[in-house]
Amino acid sequence: IAAMQPSTNWHLKENARDHHTSKFSSKELIVRRGQAFVVTFNGTEQPEQNLTFIVETGPKPSKLAKTQATFGISSTVSKESWSAVLQSTSSSSVSISISSPPNAVIGRYKLSVQSTSRDSSSPASLGTFVLLFNPWSSGDDVFMPNKAECEEYVLEEFGIIFVGNKNRISSFGWNFGQFQEDILNICLSMMDRSLSYRQDPATDVSHRNDPKYLGRVLSAMVNANDDQGVVLGNWSGNYEGGKSPSSWTGSGEILQNWKKSGFRPVRYGQCWVFAAVLTTVLRCLGIPTRTITNFSSAHDADGNLRVDEFYDASGNHLDRAADSIWNFHVWNESWFSRSDLGPSYSGWQILDATPQEESEGIYQCGPASRNAIKEGDVELDYDCPFVFAEVNADCMYWNYDTATGKKTLIFSQSTEIGQFISTKAVGRDDRVDVTNDYKYEEGSRKERDVFKKARKKLGLEDKFDPTAPTPQEIDQKPDISGKFKVAGPLEVGKDLNLTLVLANLQSDAKTVRVNMTAWSTVYTRRPVHGIWKDSISLTLSPKEEKQFPIKIPYIEYQQQLTTDNTIQVTALCHVEGGIQVLVQRDITLDNPTIDIQVLGEAKVNEEVDVEVIFTNPIDTEVTDCVLQVEGNDLLRGILEIAVPPLKAGEKSSTKFKLIPFETGPKHLVVNFSCDKFANIKTFKMVNVID
């Protein structure tokens, strides 16, 4: 063989079809483990019984580490190891069917062939191929019996991410683009740039058969902390020197930018960006993955299943605690079995690439079994206490005296955290609520029992906590109640109208001093700019309810708003002779809408016009208008169109052409920005026909 370099036919089309890898745009063979693929080669004058095949991956291939295998031609497929079965021979070529074991290491392999009859000959290389996880194969750790779920969670390139707050859930489209050119190579480079690989390449590669290992390593690599990973987080509200996190429309651009810059972290991301990029990477490698949004999500920094928030006497939300309650937080679930924990903990596993707390000294999180979270089994690997707190922590609201450092409990809440946990439906553009998969019904006996069980396992039941409120503090009852009601449209560009409703719960009159503030925040409820403050004093007759209209004009908040369009309004009520009452509301203002129309039928390889319409809703001109469009199988890369300035009330129409190159339901993802409105998003399903 050594005398002549064999030429190889990888049967790219047929193998890709059988292995669900046709969507990759690669000239290299990409197959899934635990399943046979066919390869034909010539240049061997030897009888085929004398052929030995060698597959190897990683920097130091070894049989012991299962990163190298040698095998001859056999009559049957082996379930446990690599094997080759003869398909056909002719005078000049041999076709064989090669099978890998269902627990093979994934990654790029070299395939060589050697003739056993001439011991002296060195192996001849047949080329390289890439091996991925196989959710369609029952022997694989990532096996997913439901085919429609495999289609959605591995092959679907479009996703919907839910954002906003618990009172008002909104969503936007995202282009995962896991099959775009070069994305697979970038995912393979990502594994080779991890800290585990740098410390011990051979051992790291030998663990790449295990989805829980790779999920954990990649949750660390998607954020820039520790390892020069893909995305740099920024929650300051100031995104100079990079792109605002809410301006991205897909993962492809982020991953390509990371590679193009010589693997320097891409600026900037927030939770949904980390989660979307991790979805792209894991779907690309064949691990079924989805994004999950948790509303009123706790970030419990000190592991006591309690989140503390502090307010000063004027009602300002103080940014002094490591703990916080986010309006929403986005993480991932990936589907695989947990041989380390037992079958009842298999299924969906939580991974979180947002850098919040260190785990084993690195910003990584998971996999935490979703079943373990629901049952309060927080001692199980990995990072269950942190995830359990995200959906279950109790909240404590304190008044903090900045002069003396004294804190007084205002009230505590045990049903606030972890609401409307959401993900995209399989095969439809709808929201599905999965809250009941994370916890028993809020307020039920079972839910409190699970919470106590978790506290006990974390050793919180037995030890005295000097920072915790006393039972007397927790049991104190307020004399008045209050709430903010929305009294008008919640839209950027319009005045914000609210009503503060205060009610006296007692049968004697109460005197109240109310200090009110409004701050612009980021979605993590971190205050950024003060917008408005006011205070009133009043007396409430027995059982009386009073309403106070509040108006915050657009001109007062316009300069202060962050790209999240969020405002936190707070009223701290000092009741004479009673305990303080905190009334607060997080408000997310809606951007104006943009409208997309496809003008005519979308057919493969034929031009079709698309029109995007935006009307300026405010009474000043908007400038610096930019439209960004992307969509797999509809256009290559990202289309950026500058839109001329729009006068007050003016309507703009922007047209562009598409030439779709695949049939089926495809999605256009659109982002429109200008000086007064940041990142107005929408998406449109386009059904492409033959």
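Is D394 buried or exposed? In this predicted model, D394 counts as buried, because its relative accessibility is 13%, and buried means under 20%. I shall begin with this residue and its annotated partners, and then turn to a threonine and a pair of cysteines.

D394 lies in strand 20, which covers residues 394-400. Setting aside residues up to four places away in sequence, D394 touches L305, R306, V307, Q413, S414, R448 and F451.

D394 also appears in a record. The unreviewed UniProt entry carries the annotation "binding site" for N392, D394, E442 and E447. Where do these residues sit with respect to one another? They span 56 residues in sequence, yet no two of their C-alpha atoms are more than 12.6 Å apart, so they gather at one spot. From this set, N392 and E447 belong to the lining of the second largest cavity.

Let us look at N392 in its own right. N392 is found in helix 10, residues 384-392. With a relative accessible area of 6%, N392 is buried. Its contacts, not counting residues up to four places away in sequence, are I417, K439, E447 and F451. Please note that E447, one of these contacts, is itself among the annotated residues. F451 is touched by N392 and also by D394.

My next residue is T423. This threonine is found in strand 22, residues 419-424, and counts as buried at 3% relative accessibility. Which backbone oxygen does the side chain of T423 reach? It is that of T291, at 2.7 Å. Leaving aside neighbours within four places in sequence, T423 is in contact with F162, R290, T291, I292, D430, R431, V432 and V434. T291 therefore appears twice in the account of T423: as a contact, and as the residue whose backbone oxygen the side chain reaches, within the 3.5 Å limit for a polar contact.

Finally, the cysteines. How many disulfides does the model contain? The count comes to 0. C187 is in no disulfide, and the nearest cysteine sulfur, that of C284, is 4.0 Å away. For C284, likewise in no disulfide, the nearest cysteine sulfur is that of C187, at 4.0 Å. A disulfide requires the two sulfur atoms to be within 2.5 Å, so this pair does not qualify. C187 is buried, with a relative accessible area of 0%, and C284 also counts as buried, at 0% relative accessibility.

How values were computed
Residues are numbered from 1 along each chain as its sequence is written. This is a predicted model: local features need pLDDT of at least 70, side-chain atom pairs count only at pLDDT 80 or more; totals for chains, interfaces and linings use all residues. Side-chain values use heavy atoms; hydrogens and water are left out. Buried means under 20% relative accessible area, exposed over 50%, partly exposed in between (1.4 Å probe, protein chains only). Helices (H or I, at least four residues) and strands (E, at least two) are DSSP runs, numbered from the N terminus. A polar contact is a pair of N or O atoms within 3.5 Å; within protein, one must be able to donate a hydrogen and the other to accept it, and residues adjacent in sequence count only if both atoms are side-chain atoms. Contact means heavy atoms within 4.5 Å. UniProt positions are given in the numbering used here, feature names are shortened, and annotations may be inferred rather than shown by experiment. On a 1 Å grid over the protein atoms alone, a cavity is a set of points where a 1.4 Å probe fits but cannot get out, and a pocket is an open set with protein on both sides within 12 Å along at least five of seven lines; lining residues have an atom within 4 Å of a point.
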